Amino acid sequence: MSKLLYIKTLGCAMNVRDSEHIIAELQDEYTLTQDISLADLILINTCSVREKPVHKLFSEIGAFVKEKKPNAKIGVCGCTASHLGDEIFKKAPYVDFVLGARNVSKISQAIKKPKFISIDINNDETTYDFNSYRSSPYKTYVNIMIGCDKKCTYCIVPQTRGDELSIPSQIILNEIKKAADGGAKEVFLLGQNVNNYGKRFSSSHEKINFSDLLKKISDINGIERIRFTSPHPLHMDDKFIDVFVNNEKICKSIHMPLQSGSTEILKAMKRGYTKEWYLNRAMKIRSLCKDVTISTDIIVAFPGESDKDFEDTLDVMREVRFEQIFSFKFSPRPLTVAANMKDKFIEESIASNRLTTLQDYGNEILDEIVLAQKDKTHKVYFDELRSGGKVAGRSFNNFLVEVDGSEELLGLTKDVLITNPKRMVLNGKVQ
């Protein structure tokens, strides 16, 4: 009789994909459950990019201990596992094993050995043949690279996911073909800096860049939509923009992490581009692609950020008019350069005010964009059944759209007239 696995994922799409790999590796022995009290194995796969998920990890473990059955094992996986290592055992002795973000393939070993720990950030999983598992039959997440070579002064990722390595293109293409044969029409490509794909492989490989890879993927029968995250603004050359704009299978939404609109702060962050470069790339995409949506990440109150620096960020928002903004106050992370800039830290009250100002302005822009969607028609790929007789999906340019309907709509692309647009979801009618 199959054992039961409960897994909780906190973090980005790459954490989600890591969890899918873990489930795939264990699926011959374990079946998923949503009831933690029944689980034989309890996993938490968590991010460490910001402080909050790290704090939440230990409160979650405490809750797990109270709910779990006596012999159930608890494992901690992901970026937090990579950077805390055996500290997790000291803070939470109930944990049975710790598995870092670059060590997912070792999950079968981890569950068999008491106090197993593997957190090698240089472990190479680029050619590992993971078993197949997708949380949705309608779309597939695919890693195209692991690690990161950037030296952003605020970011812990290179210390938890190691140096950047690209996954061989044939492995990627085979994985997508298999998903397409299984009915998936949308593929979501994942990497820290996807448009730097092809820079380095762990073994000999044909010369290929991200634009070339996108072309190969678009030739796969059955794949109708291609999404990816996150491209780095520094690598958005004209060839990349041309492929993004003109390849009809590439969804016209793009995530462009800004972080700051101030060239001085961008320099302190070691982002590698200026305010002017970012605006040039974003506005070129806007000019060439009428219906594109652009999302971004912004950090306020980075050490040394002045009022003028913050105004520069608002200025970029004013120019680009982002459809979605993920915004945060600067959070000093261990093992980063910025964590040592204590003499330049911004007062909490100022940081909070800046974040509120930015979010209020972002919502003001978004409300105008959302209202303009009323009476427009979007092509929506339905992939989610919701309560209350609703079905949801994404437009080609990434608006979340909800309609009345049943599972018969799942896996289909339909024209939808937007009748009641709201900030978080556009409500409409299938045409």
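**A salt bridge between two domains**

The side chains of Asp367 and Arg423 meet in a salt bridge, with N and O 2.8 Å apart. This pair is a handy place to start looking around the structure, which is a predicted model. Why can such side chains pair at all? Side chains of opposite charge can do so when their charged atoms come close.

To place the two residues, it helps to see how the protein is divided. The domain assignment gives domain 1 (3-118), domain 2 (139-372) and domain 3 (376-430). Asp367 thus belongs to domain 2 and Arg423 to domain 3. The C-alpha centres of domain 2 and domain 3 lie 26 Å apart, and the contact draws 23 residues from domain 2 and 18 residues from domain 3.

How much area is buried between domain 2 and domain 3? The value is about 1600 Å², and carbon and sulfur atoms give 51% of it. On the domain 2 side, Lys185, Arg225 and Val370 lose the most area to domain 3; together these residues make up 35% of what that side buries.

Polar links also cross this boundary. Two salt bridges are found across the interface of domain 2 and domain 3, and ten residue pairs there are in polar contact. On the side of domain 2 that touches domain 3, the elements giving two or more residues are β11 (225-229) and α13 (348-371). Of these, α13 gives the most, with six residues. Asp367 falls within the span of α13, while Arg225 falls within that of β11. Sorted by character, the residues on this side of domain 2 are seven nonpolar, four polar and twelve charged.

Beyond the interface, the count for the whole model comes to 29 salt bridges. One of them joins Arg17 and Glu175, whose closest N and O atoms are 2.4 Å apart. Here distant parts of the chain are linked: Arg17 sits in helix α1 (residues 13-26) and Glu175 in helix α7 (residues 169-181), with their positions 158 residues apart in sequence.

Rings make pairs as well, and the count of aromatic pairs is twelve. How are the rings of Phe210 and Phe228 arranged? Their centres are 5.1 Å apart and their planes stand at 85 degrees, so the pair is edge-to-face. Phe210 lies in helix α8 (residues 210-218) and Phe228 in strand β11, so this pair ties together parts that are 18 residues apart in sequence. Strand β11 therefore appears twice in this account, once in the pair with helix α8 and once among the elements of domain 2 that touch domain 3.

Definitions and conventions:
Residues numbered from 1 in each chain as written. Predicted model: local features only at pLDDT ≥ 70, side-chain atom pairs only at ≥ 80, totals over all residues. Heavy atoms only, no water. Domains from an automatic or database assignment. Contact = heavy atoms within 4.5 Å. Buried area = accessible area lost by both parts, 1.4 Å probe. Salt bridge = Lys/Arg side-chain N within 4 Å of Asp/Glu carboxyl O. Polar contact = N/O pair within 3.5 Å; in protein donor to acceptor, adjacent residues only side chain to side chain. Helix = DSSP H or I, 4+ residues; strand = E, 2+ residues; numbered from the N terminus. Nonpolar A, V, L, I, M, F, W, Y, C, P; charged D, E, K, R; others polar. Phe/Tyr/Trp six-rings, centres within 6.5 Å; stacked < 30°, edge-to-face > 60°.
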